[in-house]
Amino acid sequence: MNARTEPEVIQTALQAAAGHHLSNAHLDALEEETIFILREVAAAFERPTLLFSGGKDSLVMLRCAEKAFGVGRIPYPLLMIDTGHNFPEVTDFRDRRAAELQAELIVRNVEDSMKRGTVRLAHPGESRNVHQSVTLLEAIEEFRFDALIGGARRDEEKARAKERIFSHRDSFGQWQPKAQRPELWTLFNTRLAPGEHFRVFPISNWTELDVWQYIERENIALPSIYYTHKREVVDRRGLLVPVTELTPPKDGETVQIRDVRFRTVGDITCTCPVESLAATAGEIVIETLAADVSERGATRMDDKTSEASMEKRKKDGYF
């Protein structure tokens with residue numbers, strides 16, 4: 001018997017789920033924990049910021065911040081490190097959502113770091129994604145941020161699974177996996193020496209499925225590329241690489257028009273869509289149930305360079 005393709009597996013899951021309701025009762029506890037952490041950051045730190053890319057995880061966090069503090073009352077600015085190679089659908093949505101919440105939005109660009117000479121590409125076509133670390137550390141120094149809130153989750157990648165909710169960073173912005181602080185009974189050690197800061201992950205304990213269930217329950221608007229659309233792609237090493245000016249097809253590759261969506265969004269040069277016909281959050285919940293590869297494993301070229309690629313980047317200051 002021939003193995004079924006992924007769309008066929010997903011279609012079977014959709015048919016099996018028809019008429020059944022997937023419980024989301026656990027979302028209240030996850031939301032409560034996230035709101036608690038967001039408020040804890042506001043109380044414990046002098047100059048926190050919330051990293052906001054316009055992606056689904058940061059939009060979930062922003063909804064929790066809205067519930068925690070209210071529209072126009074989020075007590076810290078939103079920060080994005082822009083590579084200059086982000087999907088326009090995402091950056092446009094980012095600006096619109098920040099304006100709706102009357103939140104201060106700070107954008108710092110990798111291109112400015114390149115002009116200062118603090119970022120140097122090995123060649124013009126190199127992805128700028130890994131170089132966000134430099135621009136992020138420069139922004140931390142510029143604004144003297146002592147806590148950066150991000151939407152990373154433990155289920156995304158094994159290096160992130162090792163990290164605490166309140167992740168201490170030294171004066172060089174580096175993460176030391178063997179020097180993490182214990183977090184027993186939801187007690188967080190937030191003491192800092194001069195020049196140090198924390199990375200805080202309020203949705204660490206959420207999964208991709210939890211995120212999509214929450215998006216469905218809360219009716220959270222997302223950039224359009226999270227849902228099915230037709231796009232030119234090439235099949236490269238098992239990934240569907242979008243065909244753009246930044247990622248043109250290579251010699252011998254065949255350009256195809258496929259029905260795709262993005263499970264995660266980031267720099268165009270390293271983010272790939274997956275084949276999908278899911279047009280609603282509810283349909284994506286069912287697809288996620290059938291998925292057997294993590295979202296980063298299925299969509300990020302930068303995580304395929306080595307088994308420890310994410311951990312190395314985090315040690316160097318990557319979020």
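Two strands pair if DSSP finds at least two bridges between them. Helices (H or I, at least four residues) and strands (E, at least two) are DSSP runs, numbered from the N terminus. The model here is predicted, so local features need pLDDT of at least 70 and side-chain atom pairs count only at pLDDT 80 or more, while totals for chains, interfaces and linings use all residues. Residue numbers start from 1 along each chain as its sequence is written, and side-chain values use heavy atoms, with hydrogens and water left out.

**View 1. Strand E1 and its two partners.** Let's start with strand E1, residues 48–51. On one side E1 runs parallel to strand E4 (residues 147–149), joined by 3 bridges; look for Thr 49, whose bridge partner in E4 is Leu 148. E1 also runs parallel to E2, this time with 2 bridges, and here Leu 50 has Leu 78 in E2 as its bridge partner. In a regular strand the side chains alternate between the two faces of the sheet. In E1, Pro 48 and Leu 50 point one way and Thr 49 and Leu 51 the other, and all are buried. Buried means under 20% relative accessible area, exposed means over 50%, and partly exposed is in between (1.4 Å probe, protein chains only).

**View 2. The six-strand sheet, from edge to edge.** Stepping back from E1, you see an open sheet of 6 strands in the order E3-E2-E1-E4-E6-E5, with mixed pairing. Its edge strands are E3 (105–109) and E5 (166–169), each pairing on one side only. Neighbouring strands are turned by 30° against each other on average, direction ignored. At the E5 edge, 4 bridges tie E5 to strand E6 (residues 197–200), and the two run antiparallel. One spot to find is Ser 167, with Arg 199 as its bridge partner in E6.

**View 3. A helix lying across the sheet.** Helix H4 (residues 88–100) lies across E2 (78–82) and E3, and runs at about 165° to E2. For such angles, axes are lines fitted to C-alpha atoms (for helices, over the stretch in contact), and values run from 0 to 180 degrees between N-to-C directions.

**View 4. Where helix H2 crosses helix H8.** The axes of H2 (residues 27–44) and H8 (residues 208–218) come within 11 Å and cross at roughly 95°. That makes H2 roughly perpendicular to H8 (65 to 115 degrees counts as roughly perpendicular, under 35 as roughly parallel, over 145 as roughly antiparallel and the rest as oblique). From H2, Leu 27, Asp 28, Leu 30 and Glu 31 meet Asp 210, Gln 213, Tyr 214, Arg 217 and Glu 218 of H8; contact means heavy atoms within 4.5 Å. By class, this contact has 3 nonpolar, 1 polar and 5 charged residues. Here Ala, Val, Leu, Ile, Met, Phe, Trp, Tyr, Cys and Pro count as nonpolar, Asp, Glu, Lys and Arg as charged, and the others, Gly among them, as polar.

**View 5. Salt bridges along H3 and H4.** Side chains of opposite charge can pair when their charged atoms come close. A salt bridge is a side-chain nitrogen of Lys or Arg within 4 Å of a carboxyl oxygen of Asp or Glu, and the whole structure has 24 of them. In helix H3 (residues 56–69), Glu 66 and Arg 63 sit 3 residues apart, so about one helical turn separates them. Their side chains meet in a salt bridge at 3.4 Å, N to O. Glu 66 is partly exposed at 21% relative accessibility, whereas Arg 63 is buried at 16%. Another H3 pair, Asp 57 and Lys 56, meets at 3.7 Å, N to O, and both residues are buried.

Now hop over to H4, where Glu 100 and Arg 97 form a salt bridge at 3.0 Å, N to O. These two are also 3 residues apart, about one helical turn. Glu 100 is partly exposed at 44%, while Arg 97 is buried at 16%. Through shared partners, salt bridges link Asp 28, Glu 31, Arg 63, Glu 66, Lys 67, Arg 97, Glu 100, Arg 217 and Glu 218 into one network.

**View 6. Ser 113, tucked into helix H5.** Ser 113 lies in H5 (residues 110–116) and is buried, with a relative accessible area of 0%. Leaving out residues up to four places away in sequence, Ser 113 touches Thr 118, Val 119, Thr 135 and Glu 138.
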